[in-house]
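Please examine the sequence and the structure shown below. The paragraphs that follow lead through the model step by step.

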Amino acid sequence: MNILVEDTIPYGAEYFEGLGKITRYSWQSLQPADLAHTDYLVVRSTTRVDATLLSQARNLKLVTTATAGTNHLDKAALDAAGVPWRSAGGCNARAVAEYVLSALLQADDNGHLSLPAATVGIVGAGHVGSALAALLNCLGITCKLCDPPLAEQGDHRALVSLQEVLACDVISLHVPYTTTGSHPTYHLLDATALAGLSAHQCVINACRGEVIDEKALLTRLNERDAPLFITDVFWNEPDIDMAVTEAAWLATPHIAGHSLEGKTRGTQMVYEHVCEGLKVTPTRTLGDFLTPPAPLHLRLSDSQAERLTLSDLKALFFSVYDICEDDRHFRQAMAESNQFAALRKAYRVRRECDAYTVIAPTSLSSGIRNQLACLGFEVQFT
Ligand SMILES: NC(=O)c1ccc[n+]([C@@H]2O[C@H](COP(=O)([O-])OP(=O)(O)OC[C@H]3O[C@@H](n4cnc5c(N)ncnc54)[C@H](O)[C@@H]3O)[C@@H](O)[C@H]2O)c1
Ligand SMILES: O=C(O)[C@H](O)[C@H](O)COP(=O)(O)O
């Protein structure tokens with residue numbers, strides 16, 4: 001079996017070893033001829049799989065992507081070639097949720113909003129939207145979820161309209177990029193929607209750049225009463241318009257989902273897809289590759305309080321993930337070299353809350369203990 005695995009896939013060689021002849025390819029180099037004898041193709045979102053790439057594939061049994069998004073897969077071309085495809089939905093949901101929480105905590109810290117009083121509107125209540133709502137619920141932050149496709153399928157949650165979400169203090173976008181179907185997301189936030197927002201609101205885009213009309217966004221962000229804008233994604237990546245970064249309060253190079261756990265879960269899922277195709281029982285797990293990071297020592301202003309104070313929460317959470325570090329590095333690196341794709345490939349190691357053990361004083365209240373557990377931390381006492 002010939003298995004072609006993109007070199008951006010962490011532990012790709014280790015996971016697939018023994019399943020066949022494994023070839024790692026650079027996302028920039030894949031050519032139609034490379035697929036002539038390939039049985040399984042394993043990609044991430046930087047490899048576009050279209051009719052041209054598939055034109056010489058004779059034996060291809062599956063294309064699987066270690067990402068949640070699938071807009072880099074031309075489904076019509078895959079269907080026409082009779083090649084099934086799969087994706088790793090949910091692998092990085094927690095990473096994106098932590099990215100958004102870090103953004104919100106920073107917005108509060110910098111006086112842009114009062115997080116405890118804010119209502120967060122979440123567009124797209126799938127893996128990421130649900131993980132974000134769960135994280136915010138741990139902190140008692142009010143959320144509203146909008147997801148017309150799920151509403152039509154009878155989702156049991158109280159889903160609201162896009163109009164209702166657009167009236168929230170924060171609007172966080174977590175939809176796939178689609179241009180067809182009953183609820184296409186291309187330019188979901190268009191000039192009209194953007195015009196309706198005020199300077200007291202904050203828009204976060206950690207899904208796909210194409211979901212916002214970027215031209216209209218740039219005009220709106222340069223107006224006096226513009227909403228605060230935080231973005232991880234851009235139209236036309238990797239050739240992005242740096243004017244968007246300049247107009248955004250925080251900007252990062254499409255790394256919201258790039259925690260070590262998020263990316264490795266993606267590898268785990270594509271490995272399982274290939275095993276299923278080969279009718280082989282998967283034997284490898286995340287624990288074979290990931291070791292726990294050094295524990296965090298919890299310093300609290302009041303360990304007996306029933307809930308973490310906002311400043312204690314910020315200190316703890318920023319030691320796990322501080323979006324401002326990524327924003328600073330992105331702006332500096334783009335000014336020096338303008339290498340968006342290379343910057344993403346070389347992204348630092350970032351861990352999720354549930355990788356960490358928190359060392360806490362024995363006097364810790366049960367309320368804070370529960371809150372830490374809800375955030376995903378393992379708690380140990382000194
Ligand atoms: N920045 C990153 O690193 C990063 C990481 C993960 C995912 N993403 C992006 O976020 C998207 C969502 O990820 P996910 O794992 O939650 O996917 P998902 O498929 O689990 O959830 C997406 C949800 O959006 C809903 N939706 C579709 N069209 C909609 C519309 N017009 N209005 C409101 N809701 C709509 C769907 O019904 C679904 O429930 C991905 O497709 C990907 O493009 C980005
Ligand atoms: O769709 C996803 O899962 C994310 O956007 C993911 O972070 C994309 O990562 P990439 O494959 O571009 O490294």
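**A guided view of the model**

Asp147 sits in the loop that joins strand 7 (142-146) to helix 6 (148-152). The model is a predicted one, and this residue is a useful place to begin. Asp147 counts as buried because it has 24 C-beta neighbours inside 10 Å, and a residue is called buried when 20 or more other C-beta atoms lie within that distance. When neighbours within four places in sequence are left aside, the contacts of Asp147 are Gly124, Ala125, Gly129, Asp155 and Leu159.

Asp147 also appears in a database record. The UniProt annotation "binding site", from an unreviewed entry, covers Asp147, Asp232 and Gly257. Asp232 is located in the loop between strand 10 (228-231) and helix 10. With 28 C-beta neighbours inside 10 Å, Asp232 therefore counts as buried. Apart from its neighbours within four places in sequence, Asp232 is in contact with Tyr99, Asn205, Ala206, Thr252, His254, Ile255 and Ala256.

The third annotated residue, Gly257, leads to the ligands. Ligand 1 is surrounded by 34 residues, and Gly257 is among the closest, together with Gly69, Gly124, Gly126 and Pro176. Helix 4, helix 5 (127-138) and helix 6 are the elements that each give two or more residues to this shell. By class, the shell around ligand 1 divides into 18 nonpolar, 13 polar and three charged residues.

Gly257 belongs to the surroundings of ligand 2 as well, where the residues are Thr8, Arg44, Ser45, Thr46, Thr67, Ala68, Gly69, Asn92, His254, Gly257 and His258. Here the shell consists of one nonpolar, nine polar and one charged residues.

The view may now widen to the whole chain. The domain assignment divides the protein chain into domain 1 (2-87 + 260-288), domain 2 (93-251) and domain 3 (296-381). Between the C-alpha centres of domain 2 and domain 3 the distance is 22 Å. Their contact takes 20 residues from domain 2 and 18 residues from domain 3. On the side of domain 2 that touches domain 3, helix 4 (93-109), helix 10 (242-247) and strand 11 (250-251) each supply at least two residues. The largest share of that side, 11 residues, comes from helix 4. The residues on this side of domain 2 comprise 12 nonpolar, three polar and five charged ones.

What lies in the nonpolar interior? The largest nonpolar core has 73 residues, of which Val96, Ala97, Val100, Ala103, Ile122, Leu132 and Ile204 touch the most other members. Helix 4 gives the most to this core, with 11 residues. Domain 2 (93-251) and domain 3 (296-381) each provide at least three residues of the core. One of its members, Ile122, touches Gly129, Leu132, Ala133, Cys143, Lys144, Leu145, Cys146, Ser172 and His174, if residues up to four places away in sequence are not counted. There is also a second, separate core of 27 residues, which includes Ala57, Ala66, Ala68 and Tyr271.

A further annotation comes from the UniProt record. The unreviewed entry assigns "domain: D-isomer specific 2-hydroxyacid dehydrogenase catalytic" to residues 33-280. This span is 35% helix and 14% strand, and its end C-alpha atoms lie 28 Å apart.

How values were computed: Residues are numbered from 1 along each chain as its sequence is written. Chains are lettered from A and ligands numbered from 1 in the order in which they are written. This is a predicted model: local features need pLDDT of at least 70, side-chain atom pairs count only at pLDDT 80 or more; totals for chains, interfaces and linings use all residues. A residue is near a molecule or strand if its C-beta atom, placed from the backbone, lies within 6 Å of it. Ala, Val, Leu, Ile, Met, Phe, Trp, Tyr, Cys and Pro count as nonpolar, Asp, Glu, Lys and Arg as charged, and the others, Gly among them, as polar. Domain bounds come from an automatic or database domain assignment. Two residues are in contact if their C-beta atoms, placed from the backbone, lie within 7 Å. Helices (H or I, at least four residues) and strands (E, at least two) are DSSP runs, numbered from the N terminus. UniProt positions are given in the numbering used here, feature names are shortened, and annotations may be inferred rather than shown by experiment. A residue is buried if 20 or more other C-beta atoms lie within 10 Å of its own, exposed if 12 or fewer, and partly exposed in between; C-beta atoms are placed from the backbone. A nonpolar core is a set of buried Ala, Val, Leu, Ile, Met, Phe, Trp, Tyr and Cys residues joined through C-beta atoms within 7 Å.
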